[in-house]
Amino acid sequence: MKKKSVWIVSAIICLVLGLAVIWGLSYCRERTEGLEDLDISTGTKNHSLAYDKEKDILYVGTHDKVLAAFEQGEEIWRTQANGSFDELVLDAKNDKLYAANEDGHVYVYQASGGNVLLDIDTRRKAVAVDVLEDESKIAVITNTGSNKSSVLVYSSEGEELGGIDYKILVSGVQFCQDGETLLISNKRGEVLHITKDGEVLDTLKTGYEIIQMIQNGDTYWTINRNGIYHQFDEALNVIRTGKIDNTVNAFMASIGVDEDGEYVLIGTKEGYLFVMDGQDKQIYTTDVGVRITDFETANGSIYFTGYEDFVKNIYVDNLATMDYYKSMEEVLGYAVFVPFFLLLVCLIQMFPKVKRAAGKLLKKMWRQRMAYIMLLPTFVLIFLFNYRGIFIAFYRAFTDWSRTNNTLAKMNFIGLENFRQMLQEGYFLIGMKNLSLLLVTGILKTMTVPLAVAWLVHSIRGDKRKYIHRFLFVLPIVVPGVVGTLTWQKIYDPTIGLLNEVLGALHLENLQRVWLGDERTAIWAIIFMGFPFVGAMAFLVYYGGLLNIGTDVVESAMIDSATRWDIFWKVQLPLIKPQISIMVTLTILGTMQDFNSIFIMTGGGPGTATYVPALELYLNASQFGRYGYASALGIVLMVFTLTVTVIKNALTREKE
Amino acid sequence: MKKISKRRAREIRFQTIIEIIMVLIMFFAFVPIFVMVIMSFKSNWEIYNNFFALPRHIEWDNYRNAFSKLYGSMVNTLAVNAFAVVLTLILSAMGGFVFATMDFPGKGFLYYVLLVLMMIPGVLSLAANYNLIISYGLFNTRWALIFPWISGGQILGIILCRNSIEALPKDLFEAAKIEGCGQMDLLARIAVPLAKPILSTIAVMKMVDYYNDFIWPMLVIESNSKQVITVAVRVFTSAAGTTNIGAMFAGYIIATIPLLVLFLFTSRLYMEGMTAGAVKG
């Protein structure tokens, strides 16, 4: 009796411990989340930022002509120009905001009200701007095409003081402390220290295309396209350099540093955000899904934005502990199983009957431990690469999981919303219509030609001839699926495709079509791909079926002077029904899931003429990044395939 | 006598007719292959100006050009493929052996766990698996291909191996056990040698499967140096555009050659592998 109470107490302790670990896990997760969304909206794709520390005003320049100012989250003004706002520079002391716009102007706004104080016509796309601290000079970079840039210097009244043309893209400009010379960075990977006439005083070679150059206090930072960053002073002495761990082959887009110049933040075109600590160690990576274009640092926060309607914030204080909490989270993630396992042990110990049975089972399992050891790799693999994905798909089909909502914290449970969207967006229904056509024709294809060919080959006299024919009918299967599809794509080519050429040679020019580009013919072109449809697998299965029947059955029918026609319909066909039903089932299952050939041939087009649900699933999973929606489509497809399997099994069982 | 010869005459006529029909069907079935071969030897000028003519002189440059572009991914594909096939065989033999010869608690359940996967379509978890690969840190590595391939590929392999090993006489294993063989010895010395036929079928079947994979590599591999041949051929096609059509077809031929060679040497196994899935159905 006393023993039992010990187990009860231990069970309770284990339970409490387990709950504590779960709580700790969620606590750590919060700390590692790192990003906070600011509640401001421009209504369009953002591009550049500027921040007023004293007044807490955030200026956001957008890709889509709008410039807006937000004071403590409230919009105070907005204005418009004719192009994308590529860079903003704030001069808070003089209440001025300098904006480089791709419409070929640099605008100087009154920072508190949004009126245009000065409009400098730079004639070409202005992509970067810098202002001297005493605001006597403005430096601007303009781009023309993909390899011409100019560095222009203007007076505070907008008068052009000088200009230098380069036959290479220049990505950034910063004034030096002397107010006379400039630093510019270019596509060749150089930082040049130049006078305003273009004379090069100094060069720093960073080795790879420089995407952005920023100033932080007395030092300057550049980011190269491949993820290397440099910190250097005005004399171009490198102070610090590092490289992000770019296993995903991302394309760098922007760089930011905190006020102390310790943490470096790097954004990429794909939407990855990398954070490096003062030792140039990568401490945090996340994916926001869209190109990150600008960082702004102030008061212990780092704001950043990109090609969507968002401004996010990272607390510098959180960065310092992020690494720690991240490893804690990992440890706790595994540790969470321990108390619950012990709890189970305690519970078993409480009931002697269960205890005895469990002991027996364990003994048996121990004796056969070799079996479990040998199966371990198999089951570890299918857990990690099959079942986990399936469970995730099942759960997250009911959430708004997407490229931007890619952590559990950001995902929302939305019930059947994804399924509702499926019916509402229309692509799914169009896809189902096309799929039905593909299914019907697919079934017809497997039931006719392969069966006929199998019968023909089976009717041949002589084993050697039989073998050769079988071999030749199967031989085309060696063409890889992708190559076969690409070849058919070329056969349908409107200008040099075999089909149109043959029609031309037969003087049937009026029948020539842009087969894959015409909404009426595209789906039929896909259906007729693979003509004359000698499916090698179906052929072999039917042929095997015919062989199994045995010659005596057929021969005895022959003696009864039945015709071959009769024998086929009355004897052979009924006997290979199982093979036909297997092939029909496999065709249905295959057609529902397969989208390789459509993806290669038309990509679903023209319009939606060849869309199918599986293709929609793939596009949502890859290009659109709507993972939750893709998973919901997966569930629908699974329900279809399971239904087919169940019906098939029921039919076969009935026959037996 | 007369009757027999009449019958023979009818038989000859019948054989002639079916031969004609088969040659016709075969001709059409081979049209894409003819197109590939003929075009791959023609220059761009000839393709545009003399579509139907056979190549006047053989353009080996097409092959040189295609080979230089596809060589890297071909070597990569064959290496990754061979590695994955070997792992699949090891897992299949081991799993099949355990399920066929050993008796342990949970056997039925575990086997069922495997079987269920055959019923679930792969597209269901496409988005989830893509994200898992990223979270495992395998994105854009060759492991992103190998692990999912062997994980899915072993399932049918285990089923086939189990059936094959179960068909072996039980005494064989009992006798060896009495002689003092451990489970690993039984597997390596008895089960594997006797299951060689089915293992070779699985090997050929999986080589073809892995070689043909297209969507998954396209999703998880970004570097050209790690890309597989099917995706590389498609990229090469878009790069060649309308200016280098001969080379494009030469690329198709090059991509076909490994499977052609495999088929020529193992045609029986190749065909068995193709129908193995259907027979299990």
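Let me begin at one residue, Gly122(B), which sits in the loop of chain B between α4 (107-119) and α5 (126-135), where helices are DSSP runs of H or I with at least four residues, strands are runs of E with at least two, and both are numbered from the N terminus. This is a predicted model, in which local features need pLDDT of at least 70 and side-chain atom pairs count only at pLDDT 80 or more, whereas totals for chains, interfaces and linings use all residues. Residues are numbered from 1 along each chain as its sequence is written, and chains are lettered from A and ligands numbered from 1 in the order in which they are written.

Is Gly122(B) buried or exposed? Gly122(B) is partly exposed, because 17 other C-beta atoms lie within 10 Å; the cut-offs are 20 or more other C-beta atoms within 10 Å for buried, 12 or fewer for exposed, and partly exposed in between, with C-beta atoms placed from the backbone. The C-alpha atoms of Gly122(B) and Gly152(B) are 9.3 Å apart, although 30 residues separate the two along the chain.

Now to chain B as a whole. Chain B has twelve helices and zero strands, and 43% of its 281 residues are buried. Its radius of gyration is 25 Å, where a compact globule of 281 residues would have a value near 19 Å; the radius is taken over C-alpha atoms, and the globule rule is 2.2 Å times the number of residues to the power 0.38. The C-alpha atoms fill a box of roughly 75 × 75 × 35 Å along the principal axes. Of the contacts in chain B with a separation of 6 or more, 78% join residues 24 or more positions apart, a contact being two residues whose C-beta atoms, placed from the backbone, lie within 7 Å.

Within chain B, I would like to follow helix α3 (residues 60-101), which packs against helix α9 (residues 196-212) at an angle of about 140°, with the axes 9 Å apart. Axes here are lines fitted to C-alpha atoms, for helices over the stretch in contact, and angles run from 0 to 180 degrees between N-to-C directions. α3(B) and α9(B) are therefore oblique to each other, given that angles under 35 degrees count as roughly parallel, over 145 as roughly antiparallel, 65 to 115 as roughly perpendicular and the rest as oblique. Among the residues that make this contact are Ala84(B) and Leu89(B) of α3(B), and Ile202(B) and Tyr210(B) of α9(B).

The axes of α3(B) and helix α11 (residues 229-240) of chain B also come within 9 Å, and they cross at roughly 165°, so these two helices are roughly antiparallel. Leu70(B) and Met74(B) of α3(B) are included in that contact, as are Val233(B) and Phe236(B) of α11(B).

Finally, the partner chain. Chain A has 19 helices and 28 strands, and its radius of gyration of 35 Å is well over the 26 Å from the globule rule for 656 residues, so chain A is more spread out than a compact globule. In chain A, 39% of the 656 residues are buried. Between the chains, 73 residues of chain B are in contact with 78 residues of chain A, and helix α1 (residues 2-40) of chain B gives the most to the chain B side, with 13 residues.
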